[in-house]
Amino acid sequence: MNAPETMTIQEVADTLGVHYMTAYRYVRQGRLPATRRGAEWRIRPSDVAALTTTVRRGSARTDADGEALERRMLAGDSQGAWWLLQSHLGGGPDPSGVLTEMVVPALRSIGERWASGEVSVAEEHRATAVAQRVIGHLGMQFGRRGKDRGTVALAAPSGDLHVLPVAIAADLLRWRGFDVVELGGNAPPGAIGEAVADEPRLLAVGIVSTVGGHDDEVALSASSVRAAVPGIPVFIGGGAVSSEAHARALGADEWTGPGSNAAAETVERIAESTGLRSHRRVS
């Protein structure tokens, strides 16, 4: 089989064994030469091969420090966790890389260990409190100067108190240059519609549902958005939404699955398809 002439960012991520956002960051930083073709970046395999050795060295350190971060979160050590993340911010990765390569995997691992009984309820709550603090610190670094790419609104539905999935998706969107109306968890349907009704450059509205049993609230939120801003795409995701058919039954135009990065990719596609003209932000 002949080698491909070029690769997509997802193919690069799979080849390197890294998160999609990490490969995307290599392109944005100029570490990985790429050419834009329509809505996609294309990369030569030879450039990917040249980057492989460096990436493997960095991944080994990230894996080790990710385990250390998890231990500090379970111990409730906010200061130690933030110090560890700062050491990576000063050594190459940008905030999106630290978030997707360290914080998100640690949260996922802790959630799985809690579900299996390996981690206690008290430890899980301590870890969540630490995560809220460090994600808040990281979030202050996600604003990007330059072109305004439009606005996205994000919320968890009424009854879903989980704010971290919303915060993570919001930060990844900000890093890509979008403005975000972040409504957090337990947002009443009417409040979501009210928040977006007067947004002149609104691109899309996302509803993040991570707790089962709130389908009615998700559907009401989607209906509220459609009544307030007809024609604006609604995307629904999170661990409580099992499939595209499930999301569409709740009123979604797009299903983003459980991952935060899929929400960012969905908004990228929407931005490309609408052709919303960018303009310089006023600082």
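**Buried contacts, cores and the largest pocket**

Leaving aside neighbours within four places in sequence, V152 is in contact with L173, F178, D179, V180, V181, A204, F235 and V267. This comes from a predicted model, and V152 makes a handy way into it. The residue lies in strand β4, which covers residues 151-155. Its relative accessibility is 0%, so V152 counts as buried, the cut-off being under 20%. V196 is 44 residues away from V152 along the chain, yet the C-alpha atoms of the two are separated by 8.9 Å.

Stepping back to the whole chain, the fold contains eleven helices and nine strands. Of its 283 residues, 47% count as buried. Contacts across the sequence can be described in a similar way: among those between residues at least 6 apart, 72% join residues at least 24 apart. The accessible surface of the chain comes to about 13700 Å², and carbon and sulfur atoms account for 51% of that area.

The nonpolar interior is worth a look next. In soluble globular proteins, nonpolar side chains tend to be buried together. Here, the largest nonpolar core has 42 residues, and V12, L32, L69, M73, L85 and I135 are the ones that touch the most other members. Two or more residues of this core come from each of α1 (9-16), α2 (20-29), α3 (45-74), α4 (78-89), α5, α6 and α7. Helix α5 supplies the largest share, seven residues. A second core, separate from this one, has 20 residues, including A155, V225, I236 and V241.

L32 gives a closer view of the largest core. Not counting residues up to four places away in sequence, L32 touches V12, Y26, V27, I43, D47, V48 and L51. One of these partners, V12, is itself among the core members that touch the most others.

Attention can now turn from packed side chains to open space. Rolling a probe the size of a water molecule over the atoms shows where empty space is left. The largest pocket holds about 1100 Å³ of space. Its lining is made up of 37 residues, of which L107, H162, L164, P165 and T210 are the closest to the centre. Elements that give two or more residues to this lining are the helices α5 (95-115), α6 (121-139), α7 (164-175) and α11 (260-274), together with β6 (202-208) and β7 (234-237). With eight residues, α5 gives the most to the pocket lining, and that helix also supplies the largest share of the largest nonpolar core. Sorted by class, the lining comprises 18 nonpolar, 16 polar and three charged residues.

Two further residues round out the picture, one in a loop and one in a helix. H214 is found in the loop between β6 and α9, a helix that spans 215-228. The relative accessible area of H214 is 15%, and the residue is therefore buried, as the limit is under 20%. When residues up to four places away in sequence are not counted, H214 touches S158, G159 and D160.

G136, by contrast, has its place in helix α6. At 40% relative accessibility, G136 counts as partly exposed because this value falls between the 20% limit for buried and the 50% limit for exposed. The C-alpha atoms of G136 and D171 are separated by 9.7 Å, with their positions 35 residues apart along the chain counted as the distance apart.

How values were computed:
Residues are numbered from 1 along each chain as its sequence is written. This is a predicted model: local features need pLDDT of at least 70, side-chain atom pairs count only at pLDDT 80 or more; totals for chains, interfaces and linings use all residues. Side-chain values use heavy atoms; hydrogens and water are left out. On a 1 Å grid over the protein atoms alone, a cavity is a set of points where a 1.4 Å probe fits but cannot get out, and a pocket is an open set with protein on both sides within 12 Å along at least five of seven lines; lining residues have an atom within 4 Å of a point. Grid points are joined across faces, edges and corners, and a volume is the space filled by probe spheres set on the points. Helices (H or I, at least four residues) and strands (E, at least two) are DSSP runs, numbered from the N terminus. Ala, Val, Leu, Ile, Met, Phe, Trp, Tyr, Cys and Pro count as nonpolar, Asp, Glu, Lys and Arg as charged, and the others, Gly among them, as polar. Buried means under 20% relative accessible area, exposed over 50%, partly exposed in between (1.4 Å probe, protein chains only). Contact means heavy atoms within 4.5 Å. Accessible areas come from the Shrake-Rupley method with a 1.4 Å probe; for residues, only the protein chains shown count as cover. A nonpolar core is a set of buried Ala, Val, Leu, Ile, Met, Phe, Trp, Tyr and Cys residues joined through side-chain atoms within 4.5 Å.
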